[in-house]
There are 2 protein chains.
Amino acid sequence: MNTQLQPQSIIEPAIVTEQDMADAIRALAMDGVQKANSGHPGMPMGMADVATVLFNRFIKIDPSHPDWPDRDRFVLSAGHGSMLQYALHYLIGYEDMTVEELQRFRQLGARTAGHPEHGHALGIETTTGPLGQGIATAVGMALAERVSNARYGDGLVDHHTYVIAGDGCLQEGISHEAIDLAGHLKLSRLIVFWDNNSISIDGPTSLSTSMNQLARFQAAGFDVQEIDGHDFDAIGRAISRARVSNKPSLISCRTIIGKGAPNLQGSEKTHGAPLGEAEVAAARHVLKWRAAPFEVPEAILERWSDAAARGAAERAKWLNRVASAPEGAAFVRTIGREIDTSLFDELAEFRRTHQAKATKVATRKASEMVLGIINAATDLTIGGSADLTHSNLTLTAGMEPIKPGSYAGRYIHYGIREHAMAAAMNGLALHGGFIPYGGTFLAFSDYARGAIRLSALMGQQVIYVMTHDSIGLGEDGPTHQPIEHLAMLRATPNLNVYRPCDIVETAECWEQALKDRNRPSLIVLSRQNLPMCRPANSEENRSARGAYILRATSQPSPITLLATGSEVEIACVAADMLSAAHGIGARVVSMPCWELFEQQPSEYREAVLGTAPRIGIEAAARLGWDRYLGDGGIFIGMEGFGASAPAAALYDHFGITPGAVVEAALRLAA
Amino acid sequence: MNTQLQPQSIIEPAIVTEQDMADAIRALAMDGVQKANSGHPGMPMGMADVATVLFNRFIKIDPSHPDWPDRDRFVLSAGHGSMLQYALHYLIGYEDMTVEELQRFRQLGARTAGHPEHGHALGIETTTGPLGQGIATAVGMALAERVSNARYGDGLVDHHTYVIAGDGCLQEGISHEAIDLAGHLKLSRLIVFWDNNSISIDGPTSLSTSMNQLARFQAAGFDVQEIDGHDFDAIGRAISRARVSNKPSLISCRTIIGKGAPNLQGSEKTHGAPLGEAEVAAARHVLKWRAAPFEVPEAILERWSDAAARGAAERAKWLNRVASAPEGAAFVRTIGREIDTSLFDELAEFRRTHQAKATKVATRKASEMVLGIINAATDLTIGGSADLTHSNLTLTAGMEPIKPGSYAGRYIHYGIREHAMAAAMNGLALHGGFIPYGGTFLAFSDYARGAIRLSALMGQQVIYVMTHDSIGLGEDGPTHQPIEHLAMLRATPNLNVYRPCDIVETAECWEQALKDRNRPSLIVLSRQNLPMCRPANSEENRSARGAYILRATSQPSPITLLATGSEVEIACVAADMLSAAHGIGARVVSMPCWELFEQQPSEYREAVLGTAPRIGIEAAARLGWDRYLGDGGIFIGMEGFGASAPAAALYDHFGITPGAVVEAALRLAA
C-alpha cells in the first residue's frame, strides 16, 4: 500500500486521535528548540503521549481563568522539558501562549523562558529547572489542597496535583524528603509521572544508579504502577486508578526519549540540544507530520479545545457551588490572603507593653510570643519545623498537627527535612490560601538553599524562622554555628533577611514579613536571652526602615556603632562604657534588615549612618559589611569558623565584646 | 536474694562482660553530659551495646597509630551522640582522650567538642553533626578503599567503613543520594548501623515519617538486616554477615534511646539534654554501676585494652606486608599525596604556549585542557561530575569510569546528586590517597552547600569544578544563573574561590589548588569563550597572589577597573575605549581569588588597588565588593536574578558592557 495520506489540514476533528494531538506537541517542541538553537527536545517528545492523555481526558483547568482556585495543579518538575508545557499551553488555549511566543522560545522577554518560570506565562504553577524542586513543591500544593478541603469542604476544594518528574528529580536528595513526607501524610491527590526513559545527561542511567524506584516509592507509602508511556489506553487506566487511590501515586512511564526522531531517539543526544534540521525533517516524515513549522492543523486544535471546554464547564459548576456555599465568602478572603488589620494593632500593643516592661528574652522566644498573637488572629498562617519545634519555638498554643489522612490541623512536623520543608512551603504559598512559616537552625539553611532561592525568584510569601543564629548557640560547636549564612542570604535577590535585636524588633520584623506579600522573609533569631534595647516606645515600625538610630547622642558623635541582632546589646554596652569612661558619645544604629534599608531614600540612609567613623559588629563573616563601614571602618565579628563552648566563652574567645568595641572606637576617635 | 554484689573495682577481667563494657560507655556519656550541662545522652546510651560489639570484636584500629592507612573507618553520622565516640576512644586507649578531656566535654579548647570534629581528637575520621553528612562521607571512604584496593591489592588495602546513623541521617535527602550511589557501586565494605529508636527531637518518628527503611535500602541495593540492638550475640551475627555480603549493608538496630535511665529511656527527653542528677543516680542504680563519676573499674578497662591489642597485632602484620610488597613504596607516596614537581613545569609550559598563541576558549574548556595534563602526570586525582560530564568537561582522555564491582577506573559518574558528590569527595580526601575533583554548574553549588562547608571546616583538599558561572550561560535562564553564589562561597571561611579570566589564569588557579593541601578550592568557570587577557607571559603564577595588575598604565591612572573571570575581558575592552576615545589610561586589575589577595602584605594590596577611583565589574551580586570599591566606587553587576536569553543579549540587557564601564569611568574621572 502506498496510498497518499490526506493533507492534515483537512482531517475531520472526529478522526483526530490522541496520537495526532501528541504529535502536535512533538512537532512544536522540535520547532521551538530548533529555532532557538537551544533547549531540550528529548523530554517533550518522550512524554508527549502521557501529557496528552492527562490534559485531554483528566486535567481540570480552565485556560481562560488560569487562577481558578479549584483547578488541578500541573508541575513540570523536569523543567528542562519546558517546550512540553509551552506546547500544551498553546494547544489548550492559554491566551498569552501564542505561536509568536513559541517562536521566541528562550529569547529575551519571551514568556517561553528556558525553564518554566512562574509569573512569566499564565498557568505556570511553579518555577522548575533545579531538579527535584518541582516534586517537592507539588507536595506542598497537594498538602494545601487537603488542608483547604478540610476547612471548606469538597464543594469548594477538590483537585489533584500532577507532576512530571525525570530521572534527575528522583536522584536528587530532595525527592527522598518529599516522598517520605507525602507518603506519610497520605497525600492521595498527588500523582507523579516518572519519565522513565533510562537516559540522563551523561548517558544511560545505568552509569550512576541501580535504584528500584518502584520499590523505593512503595517503601515511602506510594501506590505504584508501571506502564508503557506510549500506550494511550494504559496511560488512561493508570491515571484513573491513581485518582482513586488512598495514597499518593507514582506512575512509572517507560518512554523513549526523543520519540519520533528516527536516528536519535533513545539517546542522550536528544536531551539538551536541537535535533538539527535533517533530523527534524526525518522526524516529520516518520510522524507523517506535514504541517509547516509551528503550524498545527485546525482539526487537531479543535480536539485540544474540547479539553479546555471540559475544564471551563467544571469551573462554571464550581462557581455555582461557591455562590451557594456558606463558606464561600470566607474562602474568597482566604485566597486573597486578607489579614484583619486589628492584628497589627495587637502587635503594636505588644511592642508597647514589652518596651515598657523591658522584657528580656531570646528573640526565638519573642518570636513564639508574637506568633501566638498572629496565629490567634488569622488562620492563614500554617506553621512547622524541621524537627526542631521546641528549639525554633514555632508551635503556639492551640495549634494542632496535621496528621496522616487528617488535615484539620495547621502545624506540620516536616521531619529532619529542611529542603523539602522549604519547597513544600513554596507549594503552600503558590497554591494559595496560606502564609507558610517553618523553622530550623540558621546553619541548616544550607540544606534548604535550593528551595529558599526559588521562594525569592518566584516572590512567594514564605517566612523562614531561623533560630540559633550565631556562635551564641554555644556548645553544639562550629557545625551548628552559622558564619557565612547571613552573607549568603543577604546576597540572594528579593529575600528580606531580618535579624532583630530584642523583643520589640522581633515583633516589628514579623509584622513587616506579614505585610510583604510578594517576597519571602527570613527571620534570624537568637538562642540566648537578649535585653530590650529600644529606649522608648515608637508607634512607627522602626525596623520597617531596615536600619535606624537606636541611640542618638546630644552632640555630633565621634563614632557610630552599627550592629544587628544579639550584637546590638554589645554596641549599647560599649556606648555606655565609652561615655562613662572616656566621655565619648557613640551613636548606636540597629540594622535589622539591610534590604529594607537599601530601599530608603539616600537622605535617610546618610542621616542614619552619619559621617563619623564606623564600627560594624556582627558575630558572622565580614563579607558585605564594607558597604556600611566606609573607608577605614572597623569590623568586629568572625574571621573563621566557630568553636564548641558555652556562648559567653565564645564571645570572649573570638573578641566580640564591648571591650573590643571600645578599643576599636578609641583607635578611630584618636 | 539480697546478696551484696562485689565492688566492681575488684571484678576479675575474665568475668567482665560486654554488658559491663557497654555500661561503661553509658556511665561516661551520662557523666560527660551532666558535667557539661549540655549534650545528648540518649544516643550513646541507646547504641552503647552495638558500639561495644563492633569495637570489641570487629573493628580494626590501632589507637596508638590512629593514622594507620589500612585501619577501618568509623563514622558517627549521628554526631550529636559524640559522647559515644569520646567514651569509646577513652576506653580503647587513644592517648589524647583522657578523663580530663571527658570532663571538659563541650568546653573551650577541649578535644571533646559538642560534635565530633576531625582534627580535634585522634581517630575522628570526619566531622559530623549536620545530619546525613556522615553516611555520605562514608560512601566516599568506602569507595576510596575499593579504588585503592584495586591499585594496591588486598595485602595493603583491605578495610571496612562502619557508620552509625540515626533517624535524622536517614530522613535527610543526602542519605538518598548516598545510598543510591553506594548500592549502585556495590560498596560491600560499607556497613551502616541504623539506630532505630523511633524517636526524633519532636517526639516519636511517627510524627513525621512512615518510611519502610529496610525496603528503601533494599531498593538501593543494600543487604538489610534487623536486630535487637541490645542483644550482643545478634549484633555480632549481624556484623559477621554484613562483612561477607557482596553489597553494602544496613543493620537496623532496634534500640531504646537513653537505655539505662529508668524514668526517661524511650523518650525524646533523653535526646538533647542532661538527664539530671536524680536520673543519673537512678540509672547508676539500675545499671548496678557503682564507680564514681568518670571512673571505670580497672577490670573493664583491661577488657577494652584487649580490643586495642587486636588492632595493634593486625597493624604489625600489615607493616610486614608493606615492607615486602613491590607496591609498598608507591603506596606510601600515594598516602603522602606526593606530586612530582615536573607537573608544575608542564603547567608553566602550558601557560607559556597558550599565552603566546593567545588561545581563546571557554575557561571550562581551558580547565579540561589543564586537567588533561594533571591527570596524565599523577593518579592522585580522581574525577567526576554530577551528570554534567560533557558540560563541566571533567573527563579527560584515558580516564575510565568506576563501575559497580569494578574499581580500576578513576572517574565517577556521581549521578544527579551534587550533595552526595561533595560529601563523597570529602570522604575520598579524608580516607587518604586521593585528590578528588568534581563538577556541577555553579548555581547548583546550592545543593551541595552542606558538604562544601564541611570540606572547608575540615580543611580537606577537595577541588570543586563549577562551570556555567554567570548569566553568560544564557538560555537556561535564572534558575541556572548564579547571582549570590560567589558571595556565599567567598563568605565561607577556609575556602578558596577562584574565578579565572582566561586559559592562563585557569592553569594558574588549578596549580594553586593542587598545591593547597589543607583547604578546598572551588574553581568557577565560564561556559562561553574568553580571550587570552595576559599581555605577556610570566613565569610566576600571578593568580597565586589573588589579584594583580593585569594592565598597567605608564602614568598614574585616573581610574582602576577591578574584575574577575569573564568580566575581565569587559574591563580590558573598556580600558581600550577609554584610552582611544577619551585619552584616559585605566588600570585593569584581575582578581581571580579574593582569599589569596587578602593574605598578601598590605603594601602589595595597596599597590595593586592603587588610589584612583575604582569600578568593580562582576556579573553577580554586589555583596562583598564594597571592600574593594572604596567610598564612591561604582559596581557594575547584577541587581537581581538573571533571565533566559542568549548570553550576549543578557549582558546588554543587564548593562554589564564596556560601554557601561566607560560611562561610569567618565563619571568618576570627571
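This is a guided tour of a predicted model, going from a sheet in chain A to its contact with chain B and then to a sheet in chain B.

**Stop 1: the sheet of chain A**

Select the strands of chain A that make up its open sheet, and you will have five of them in the order β1-β2-β3-β7-β6, with parallel pairing. At the edges lie β1 (73–76) and β6 (223–228) of chain A, each of which pairs on one side only. If you look along the sheet, neighbouring strands are turned by 15 degrees against each other on average, with direction ignored.

Now keep only β3 (residues 190–196) and β7 (residues 249–254) of chain A, which pair in the parallel sense over six bridges. Show Asn196(A) as sticks and look across to β7(A), where Arg254(A) stands opposite.

Next, add helix α5 (residues 133–152) of chain A, which lies across β1, β2 (161–165) and β3 of chain A. The helix α5 of chain A runs at about 170 degrees to β2(A).

**Stop 2: where the two chains meet**

Colour the chains separately and select the residues in contact, which number 95 from chain B and 95 from chain A. The area buried between chain B and chain A is about 7,900 Å², and carbon and sulfur atoms give 57% of that area.

For the charged pairs, display the salt bridges between chain B and chain A, of which the count is 10. One to zoom in on joins Arg449(B) to Glu484(A), whose closest N and O atoms are 2.6 Å apart. Widening the view to polar contacts across the interface of chain B and chain A, 53 residue pairs are found, with both residues at pLDDT 80 or more.

Which helix gives the most to the side of chain B that touches chain A? Select α17 (residues 445–458) of chain B, which contributes eight residues to that side. Colouring the whole of this side of chain B by residue class, you should find 35 nonpolar, 38 polar and 22 charged residues.

**Stop 3: the sheet of chain B**

Finally, move to chain B and select its open sheet, in which five strands follow the order β1-β2-β3-β7-β6 with parallel pairing. The edge strands here are β1 (73–76) and β6 (223–228) of chain B, each pairing on one side only, and neighbouring strands of this sheet are turned by 15 degrees against each other on average, direction ignored.

Within this sheet, isolate β3 (residues 190–196) and β7 (residues 249–254) of chain B, a parallel pair held over six bridges. To end the tour, centre on Val192(B), which stands opposite Leu250(B) in β7(B).

Note on methods. Residues numbered from 1 in each chain as written. Chains lettered and ligands numbered in written order. Predicted model: local features only at pLDDT ≥ 70, side-chain atom pairs only at ≥ 80, totals over all residues. Heavy atoms only, no water. Pairing = 2+ DSSP bridges. Helix = DSSP H or I, 4+ residues; strand = E, 2+ residues; numbered from the N terminus. Axes fitted to C-alpha atoms, helices over the stretch in contact; angles between N-to-C directions. Contact = heavy atoms within 4.5 Å. Buried area = accessible area lost by both parts, 1.4 Å probe. Salt bridge = Lys/Arg side-chain N within 4 Å of Asp/Glu carboxyl O. Polar contact = N/O pair within 3.5 Å; in protein donor to acceptor, adjacent residues only side chain to side chain. Nonpolar A, V, L, I, M, F, W, Y, C, P; charged D, E, K, R; others polar.
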